[in-house]
Amino acid sequence: MFIDSHAHLFFKDYREDLDDVIQRARDAGIECIVNPGTDLQTSKESVALADKYDLVYACVGFHPHDA
């Protein structure tokens, strides 16, 4: 099993083609993507992405720069 242990799928870089990014990860054998939030807003976005994609797992937290 391959796991991406640290992705920020809520970054604007992925907004236009997130479905394609997820599919490419699947095609590459990724079975789990850990998506940590860095503040309240991105933590909420991470949870929403975990609800939408079965291989995405949300981590809720605050980056030290945002704490």
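Is D19 buried, partly exposed or exposed? In this predicted model, D19 counts as partly exposed, at 47% relative accessibility. The acidic residue also takes part in a salt bridge, which is treated below together with the other charged pairs and the nonpolar core.

**Nonpolar core**

The largest nonpolar core comprises twelve residues: A7, L9, F10, L18, V21, I22, A25, I33, L49, Y53, L55 and V56. Helix α1, spanning residues 18-27, gives the most to this core, with four residues. In soluble globular proteins, nonpolar side chains tend to be buried together.

One member of the core, F10, has contacts that can be listed individually. Leaving aside residues up to four places away in sequence, F10 touches R15, N35, P36, G37, T38, T42, E45 and L49. Among these contacts, L49 is itself a core residue, while E45 and R15 form a salt bridge with each other.

**Salt bridges**

Side chains of opposite charge can pair when their charged atoms come close. A search of the whole structure finds four salt bridges; the table gives details for some of them.

| Pair | N to O distance |
|---|---|
| E45 and R15 | 3.9 Å |
| R24 and D17 | 3.9 Å |
| K52 and D19 | 4.0 Å |

In the pair formed by E45 and R15, the closest N and O atoms are 3.9 Å apart. E45 belongs to helix α2 (residues 40-52) and R15 to the loop between β1 (2-4) and α1, so this salt bridge ties together parts that are 30 residues apart in sequence. E45 is partly exposed, with 22% relative accessibility, whereas R15 is exposed, at 56%.

The salt bridge between K52 and D19 has its closest N and O atoms 4.0 Å apart. Because K52 lies in helix α2 and D19 in helix α1, the pair ties together parts that are 33 residues apart in sequence. K52 counts as exposed, at 57% relative accessibility, and its partner D19 as partly exposed, at 47%.

R24 and D17 meet through their side chains in a further salt bridge. D17 is partly exposed, with a relative accessible area of 26%.

**A buried serine in helix α2**

Where does S43 lie, and which residues does S43 touch? S43 is located in helix α2. At 4% relative accessibility, S43 counts as buried, because the cut-off for a buried residue is under 20%. Residues up to four places away in sequence being left out, S43 touches G37, T38, C59, V60 and G61. Of these, G37 and T38 are also among the residues that F10 touches.

Notes
Residues are numbered from 1 along each chain as its sequence is written. This is a predicted model: local features need pLDDT of at least 70, side-chain atom pairs count only at pLDDT 80 or more; totals for chains, interfaces and linings use all residues. Side-chain values use heavy atoms; hydrogens and water are left out. A nonpolar core is a set of buried Ala, Val, Leu, Ile, Met, Phe, Trp, Tyr and Cys residues joined through side-chain atoms within 4.5 Å. Buried means under 20% relative accessible area, exposed over 50%, partly exposed in between (1.4 Å probe, protein chains only). Helices (H or I, at least four residues) and strands (E, at least two) are DSSP runs, numbered from the N terminus. Contact means heavy atoms within 4.5 Å.
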